[in-house]
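Colleague: I am new to this structure and should be grateful for a close look at a single part of it, the sheet. Please explain the terms as you use them.

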Amino acid sequence: MPRKVGRQSVEGEENPAFNSLYMISSLVWQAKDSREALGLILDEVIKVFGAATASISLVNFETQGLEIEVARGLPEESMGLQLPLGQGLTGWVALHGEAVLCHDVAKDSRYFPAKGSIRSELAVPMLDAGRVIGVVSVDSEAKDNFSEEDLKLLTLLAGEATRAVTRFWQMQQLQTQAQQLQALVQAGQGLVSQRREEAIWEGVLGAACRISQCEVATIYLPAENGEELEMAMAIDRAGKLELGETLALRDSAIGTAVLNRRQIEVANIRRTEENHLVRFIQEAKLESMLVTPLLAGLDVVGVLNVYTKIPHRFSNVERDLFQTLARMGSIALQNSRLYRRVFDTESTLRQSEKMNTLGLLAAEIAHEVRNPLTVIRLLFDPLEEAFGEGDSRRQDVRVIRDRLDQLEQIVNRVLDFGKSGQSAFEEVGFDQLMKDTHRLLRLKLEQAQVELEYHPAASGGILEAHRGQLQQVLLNLCLNAMEAMPGGGKIEIRTERSGDPPAGQFVVHFRDTGIGIPEDVQGRIFDSFLSRRLEGTGLGLSITKRILREHRGDIELLGSKPGETVFRFWLPLG
């Protein structure tokens with residue numbers, strides 16, 4: 001016959017249901033965690049029902065399975081047992097949320113044997129706000145050992161167990177959130193002082209792993225073409241990962257998050273058509289992913305991805321934490337770029353100050369040079385009459401006079417800085433200019449064992465230019481080329497016309513066979529004061545570019561390598 005413990009008690013004793021509820025409510029608060037509290041509840045259940053075995057199983061909402069949390073009387077190997085919802089009597093109770101009183105387990109097809117001697121079972125759901133969070137079950141080695149009154153009593157005890165579990169869960173959740181907020185604050189404090197982008201991403205990804213149960217975190221940045229994302233960094237809990245990837249925006253959920261500017265969650269990335277990190281995700285056995293864009297206003301400056309190794313549903317709290325972390329990373333990135341811009345501006349101001357100082361010094365030098373130059377001109381004028389028309393030295397004297405005129409113009413231009421120099425422009429034949437330049441350099445070319453070849457355009461070139469400045473361009477390029485050919489070599493200058501005047505251009509290709517320009521400075525060769533020679537000023541190419549721009553032209557480096565360096569400059573046709 002079934003025992004009557006629910007409504008009937010031994011004479012002189014209090015109702016066992018009342019005693020059990022009182023004992024449970026007083027004991028659970030002495031527990032340190034939910035497992036210990038459930039153990040105390042289960043001890044009381046065993047005592048009240050005189051059961052052979054008892055267990056409390058909780059639903060794992062990540063795996064959608066039922067896991068034994070605490071048990072009494074069951075074999076040790078059963079502690080690691082996981083049942084899918086619906087399997088066994090406890091699984092059926094968890095799935096349907098209804099209690100089960102089984103008088104004979106041998107006659108119930110739902111029963112899953114955990115111990116061979118069990119003959120009857122009682123199982124009730126643990127309900128929290130209508131949701132099943134677990135199952136309390138007791139077993140007996142005798143048939144028909146439990147009654148409907150027992151079922152009601154176990155339901156009451158399961159309710160108390162539910163309240164105990166949820167209280168501990170809430171406390172644990174609050175503690176976890178406090179730790180997450182503390183980690184978030186620490187991350188913010190660390191990010192605000194970072195200036196290097198690499199350090200920013202390392203701080204963001206490290207914080208992502210600390211504030212959640214994710215195992216891997218990555219940062220992707222938009223590529224320059226606007227159609228792709230490039231991985232900037234990846235880490236796991238052990239440190240940085242050697243991963244790299246370029247990803248088209250429309251190939252994965254990451255790109256979708258960028259295009260829509262919102263978070264995207266992928267519950268099972270191994271079973272979803274994700275075209276990123278496919279091999280790594282499979283090998284690392286990653287399951288779930290949350291993608292959070294880093295926004296600066298309406299612009300996406302990056303994407304933060306976190307991955308878990310177990311199926312995981314990211315809660316609203318976790319989503320908010322990652323959004324906050326992404327905002328911190330975005331702000332730190334903007335601060336870093338603004339700092340770099342300020343630093344560059346400061347560097348430009350220093351350069352401007354240096355140029356101003358150089359201008360003042362140049363004015364002083366020009367003033368001092370003018371007096372001896374005047375004397376030289378006065379003494380030089382009679383020399384021209386000393387040589388007859390057929391004497392080759394008369395041509396040298398003419399070239400020297402032109403150079404003296406150029407020096408005087410330079411001095412005047414420095415002293416009259418700020419005035420328009422357009423009045424000094426005249427029609428200049430480039431072919432004659434090249435002949436004069438070759439005459440000036442012929443001795444230096446012979447000493448340096450450098451051959452100068454000039455290949456003029458078939459139609460020639462008449463330019464509206466400042467003769468002295470344009471010759472300075474040619475001299476600067478030739479002297480630089482000779483410095484790059486210490487063992488001798490060849491300079492080749494080739495000209496061509498492009499289009500018709502006045503819209504046409506006169507293009508000059510300047511090639512030498514020197515040692516080449518180091519790759520690390522090729523992008524800065526036209527900067528002022530950039531020189532790799534101890535005796536150089538670093539102004540030659542900078543002045544060359546300034547002169548050509550004043551003539552509405554420009555110059556560029558087409559390429560440089562050992563044995564060949566090619567410049568191209570152009571001027572408007574006169």
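Modeller: Two strands are said to pair if DSSP finds at least two bridges between them. Strands, like helices, are DSSP runs numbered from the N terminus, a strand (E) having at least two residues and a helix (H or I) at least four. The model is predicted, so local features need pLDDT of at least 70 and side-chain atom pairs count only at pLDDT 80 or more, while totals for chains, interfaces and linings use all residues. Residues are numbered from 1 along each chain as its sequence is written, and side-chain values use heavy atoms, with hydrogens and water left out.

The sheet is open and has six strands in the order β3-β2-β1-β6-β5-β4, with antiparallel pairing. At its edges stand β3 (82-84) and β4, each with a single partner strand, so one side of each has no neighbour in the sheet. On average, neighbouring strands are turned by 25° against each other, direction ignored; here axes are lines fitted to C-alpha atoms, for helices over the stretch in contact, and angles run from 0 to 180 degrees between N-to-C directions. In general, strands of a sheet pair through backbone hydrogen bonds, either parallel or antiparallel.

Strand β5 (residues 120-128) deserves particular attention. On one side, β5 pairs with β4 (residues 100-102) in the antiparallel sense over three bridges, and in this pairing A123 of β5 stands opposite V100. With strand β6 (residues 131-140), β5 forms nine bridges, again in the antiparallel sense. One of the bridge partners across this pair is D139 in β6, which faces E121. The two strands β5 and β6 make a hairpin with two residues between them, and A129 in the turn has a positive phi of about 55°.

The surroundings of β5 can be described by burial, where buried means under 20% relative accessible area, exposed over 50%, and partly exposed in between (1.4 Å probe, protein chains only). Seven of the nine residues of β5 are buried, so this strand is largely enclosed by the rest of the structure.

A helix also belongs to this picture. Helix α2 (residues 34-49) lies across β1 (53-60), β2 (65-72), β5 and β6, contact meaning heavy atoms within 4.5 Å. Relative to β2, helix α2 runs at about 65°.
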